[in-house]
Amino acid sequence: MPTLSPSLAAFLAEMPKIELHVHVEGTLEPETIFALAKRNGVALPYADVEALRAAYAFTDLQSFLDVYYAGAGVLLTADDFHDMVFAYLERAHADRVVRAEIFFDPQTHTARGVAMATVIGGLTAGCAAARAALGIESVLILCFLRHLDEDDALATLEAALPHREKFVGVGLDSSEVGHPPEKFARVFARAQALGLRLVAHAGEEGPPAYVTSALDVLGAERIDHGVRSLEDPVLTARLAAGRVALTVCPLSNLKLRVVDTLADHPLGRMLDAGLAATINSDDPAYFGGYVGQNWLETFEALGLDRDAAIRLSKNAIDAAFVDAAGRAALHAQYDAFVAGFDPV
Ligand SMILES: Nc1ncnc2[nH]cnc12
Ligand SMILES: [Zn+2]
């Protein structure tokens with residue numbers, strides 16, 4: 001594997017970043033899971049931290065989700081949600097993340113009797129605390145679990161409406177294959193009518209046709225993952241022409257066996273095809289690295305250069321759910337970094 005030049009490594013480490021694809025429940029570190037289990041008197045199906053970590057040998061998306069939902073079962077109080085998102089934002093800040101658009105899975109919690117107000121209230125307070133303490137911006141995106149039925153998603157959206165101002169959009173995650181976007185057409189139409197932004201996981205394990213229907217049936221503005229899009233030239237041309245952002249998560253794809261090695265990752269080919277790809281961490285506590293690590297390992301494995309870093313960063317700024325002034329400020333901040341970067 002080629003090693004990064006010290007100059008490119010420093011550039012990647014120090015540049016301002018935007019994270020558009022991170023599941024807050026996927027930021028729970030094993031030690032935190034055990035600490036919260038103790039604090040809340042929740043029994044875990046793992047003897048200790050080592051046994052839990054040993055379960056992180058995933059073979060596919062479902063093998064990960066089974067462990068991820070078990071881990072999320074320790075979250076009960078608003079403080080738990082506050083502390084989880086604050087810890088993530090602290091860690092992201094250390095990676096020079098200036099803005100994070102954070103997914104949460106309310107059905108994982110409401111199904112266990114945790115109130116929607118507890119989930120959203122705790123997360124919102126944690127984001128506000130991180131903004132005040134660190135200056136990091138963040139917004140929340142409510143995801144529907146696609147292995148559940150659409151009526152459950154509709155009821156979840158209604159239950160969240162008293163907190164409408166606390167999340168900017170909705171997404172679709174969990175087990176992809178066998179749960180096509182079409183299953184969620186009504187709930188996405190309802191979310192759109194409410195003025196919410198729309199994203200969906202598609203083309204992670206599922207076929208390119210799921211990406212097409214996420215666009216056509218759900219009205220998704222960004223595609224989460226979308227790495228299988230390249231298998232369909234018509235879709236690829238459409239995504240490129242429309243500058244549809246794809247929130248790619250390389251270490252996730254490696255851990256969940258979407259690719260055999262990072263050197264096989266399609267990110268470089270996606271950029272060559274003109275796709276508006278971005279780099280993100282997905283579930284960093286489970287996949288061996290936060291967003292900074294995703295940048296470093298991917299650039300090393302694929303031999304990408306500084307121009308690619310600038311394109312990927314600009315793609316993320318263009319895809320962020322901010323107004324025109326906010327976008328201009330993010331571009332200006334990034335441009336100032338590039339202009340002022342002092343190679344080592
Ligand atoms: N990578 C992923 N794909 C689908 N659903 C998820 N939920 C958390 N991480 C996910
Ligand atoms: Zn994801």
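Modeller: Before we start, one cut-off: a residue is buried if 20 or more other C-beta atoms lie within 10 Å of its own, exposed if 12 or fewer, and partly exposed in between. And keep in mind that this is a predicted model.

Biologist: Okay, why is D282 called buried?

Modeller: D282 has 30 C-beta neighbours inside 10 Å, and the cut-off is 20 or more, so D282 counts as buried. It sits in the loop between β8 and α14.

Biologist: What makes the phi of D282 worth a look?

Modeller: The phi of D282 is positive, about 70°, although D282 is not a glycine. Most residues other than glycine have a negative phi.

Biologist: Where else does a positive phi turn up in a residue other than glycine?

Modeller: At R257, with phi near 65°. R257 is in the loop between α12 (250-255) and α13 (267-272).

Biologist: Why is R257 called partly exposed?

Modeller: Its count is 14 C-beta neighbours inside 10 Å. Exposed needs 12 or fewer and buried needs 20 or more, so R257 falls in between and counts as partly exposed.

Biologist: Back to the β8 loop. How do you know whether D283 is buried or exposed?

Modeller: Same kind of check: D283 has 25 other C-beta atoms within 10 Å, and 20 or more is enough, so D283 is buried. D283 also lies in the loop between β8 and α14 (284-287).

Biologist: Which residues is D283 in contact with, leaving aside its neighbours within four places in sequence?

Modeller: H23, G26, Y68 and S252. For D283 itself, an unreviewed UniProt entry lists "binding site".

Biologist: What makes up the shell around ligand 1?

Modeller: D282 and D283 are both among the residues around ligand 1, and so are H23, G26, Y68 and S252. The others there are L61, D173, S174, H201 and E204. By class, the shell has two nonpolar, five polar and four charged residues.

Biologist: What makes you say both faces of strand β8 are covered?

Modeller: Look at residues 276-279: A276 and T278 are buried on one side, A277 and I279 on the other. In a regular strand the side chains alternate between the two faces of the sheet.

Biologist: How do you know β8 is paired with β7?

Modeller: Pairing takes at least two bridges, and four join β7 (residues 245-248) to β8, so the two strands pair, running parallel. The bridge partner of T247 in β8 is T278.

Biologist: What is the predictor's confidence in the chain?

Modeller: The mean pLDDT is 97, and 99% of the residues reach 70 or more. The model also scores ipTM 0.98 and pTM 0.98.

Conventions. Residues are numbered from 1 along each chain as its sequence is written. Chains are lettered from A and ligands numbered from 1 in the order in which they are written. This is a predicted model: local features need pLDDT of at least 70, side-chain atom pairs count only at pLDDT 80 or more; totals for chains, interfaces and linings use all residues. A residue is near a molecule or strand if its C-beta atom, placed from the backbone, lies within 6 Å of it. Ala, Val, Leu, Ile, Met, Phe, Trp, Tyr, Cys and Pro count as nonpolar, Asp, Glu, Lys and Arg as charged, and the others, Gly among them, as polar. UniProt positions are given in the numbering used here, feature names are shortened, and annotations may be inferred rather than shown by experiment. Two residues are in contact if their C-beta atoms, placed from the backbone, lie within 7 Å. pLDDT is the predictor's confidence in each residue, from 0 to 100.
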